[in-house]
Amino acid sequence: MAQISRKCVPFTPYERELSRATVALVTAAGVHRKDQPPFNIADELGDLTFRIIGGEDDTSDLMVTHHHYDHSEADRDINVVFPLVPLRELAREGFIGGVAREHIGYMGYTMQLKQMYEETAPQIAEEIDKKSRADIIVLTGG
Amino acid sequence: MCHRTVVAVQREIELRGLTTVLITVSPDASRQMRPPRALYPAGFKIGNSLGRPGMRELQTRVLRDALQLIKEPPRPGEIVEREYPEYGAGEQ
């Protein structure tokens with residue numbers, strides 16, 4: 001279980017081999033499926049919701065809605081912020097055990113930091129803990 | 001901003017007993033929030049967490065290195081910086 005280090009950073013060691021680990025991705029880069037509602041970039045306060053992306057989803061079905069970084073390169077290749085294809089490659093070569101069935105995209109920009117920290121962050125953690133069946137989570141900022 | 005809030009999410013996940021690693025391209029912002037584990041691919045710009053479009057080998061190497069941090073001695077709150085010269089070589 002999680003341990004609190006002397007520096008008060010939550011820390012969970014992973015005792016097994018990486019080659020047995022199921023890995024999920026969580027990104028703040030505003031990634032979602034094209035058939036899901038885009039993040040609300042009209043609201044200057046930000047959007048506190050998140051989207052679930054399937055492990056089998058085709059990366060050509062994914063897109064970015066985010067107005068606080070230049071995502072033109074992610075529009076050409078989503079893997080620059082959401083590395084689902086590299087993750088599949090690492091599973092294929094046996095470096096990891098497998099790709100989780102569920103991953104998460106959200107828009108990390110918000111003025112509503114209290115809600116982000118007290119509501120959205122725990123909700124994302126709950127979702128990934130209960131549904132993804134992942135042992136390890138890789139996060140990207142954008 | 002995104003590189004701060006993502007650490008809040010990372011810490012929540014880690015508190016639940018799952019192991020996490022962050023790939024950050026804004027290390028100063030992420031460091032303020034003390035990530036359990038983090039990799040900074042040196043010089044990568046925002047929007048290029050894993051490298052540039054189509055650079056699949058580089059993207060895979062960055063992801064592999066981030067995962068490998070899980071098996072290295074713990075440095076909670078710190079950000080490990082790695083050089084990837086091919087990133088600069090891919091500049092257009």
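**Exercise 1. In which sense do β9(A) and strand β1 of chain B pair, and over how many bridges?**

Solution. The model is predicted. Start with the two strands.
- β9 of chain A covers residues 136–140.
- β1 of chain B covers residues 19–23.
- The two strands pair in the parallel sense, over five bridges.
- For one facing pair, find Leu139(A): Leu22(B), in β1(B), stands opposite.

**Exercise 2. Describe the side of chain A that touches chain B.**

Solution. Begin with the counts, then move to elements and classes.
- Chain A gives 52 residues to the contact, and chain B gives 48 residues.
- On the chain A side, the elements giving two or more residues are β2 (10–11), α1 (72–76), α2 (84–92), α3 (113–131) and β9 (136–140).
- α3(A) supplies the largest share, eight residues.
- Sort this side by class: 34 residues are nonpolar, 10 are polar and eight are charged.
- Check the predictor's scores for the complex: the ipTM is 0.97 and the pTM is 0.95.

**Exercise 3. Work out the fold pattern of chain A and decide how compact the chain is.**

Solution. Count, order, then compare.
- Chain A holds three helices and nine strands.
- Along the sequence, the order is β-β-β-β-β-β-α-α-β-β-α-β.
- The radius of gyration of chain A is 16 Å, close to the 14 Å from the globule rule for 142 residues, so chain A is as compact as a globular protein of that length.
- The C-alpha trace of chain A spans about 45 × 40 × 25 Å along its principal axes.
- Of the 142 residues in chain A, 45% are buried.
- Now take the contacts in chain A between residues at least 6 apart in sequence: 76% of them join residues at least 24 apart.

**Exercise 4. Is Leu58(B) buried or exposed?**

Solution. Place the residue, count its neighbours, then list its contacts.
- Leu58(B) sits in helix α3 of chain B, residues 56–68.
- The cut-off for a buried residue is 20 or more other C-beta atoms within 10 Å.
- Leu58(B) has 22 C-beta neighbours inside 10 Å, so Leu58(B) counts as buried.
- Leaving out residues up to four places away in sequence, Leu58(B) touches Gly51(B), Tyr84(B), Glu86(B) and Tyr87(B).
- Take Tyr87(B) from that list. Tyr87(B) is 29 residues from Leu58(B) along the chain, yet their C-alpha atoms are separated by 7.6 Å.
- Finish with the confidence for chain B: the mean pLDDT is 95, and 96% of the residues reach 70 or more.

Key
Residues numbered from 1 in each chain as written. Chains lettered and ligands numbered in written order. Predicted model: local features only at pLDDT ≥ 70, side-chain atom pairs only at ≥ 80, totals over all residues. Helix = DSSP H or I, 4+ residues; strand = E, 2+ residues; numbered from the N terminus. Rg over C-alpha atoms; globule rule 2.2 N^0.38 Å. Buried ≥ 20, exposed ≤ 12 C-beta atoms within 10 Å, placed from the backbone. Contact = placed C-beta atoms within 7 Å. Nonpolar A, V, L, I, M, F, W, Y, C, P; charged D, E, K, R; others polar. Pairing = 2+ DSSP bridges. pLDDT = per-residue confidence, 0-100.
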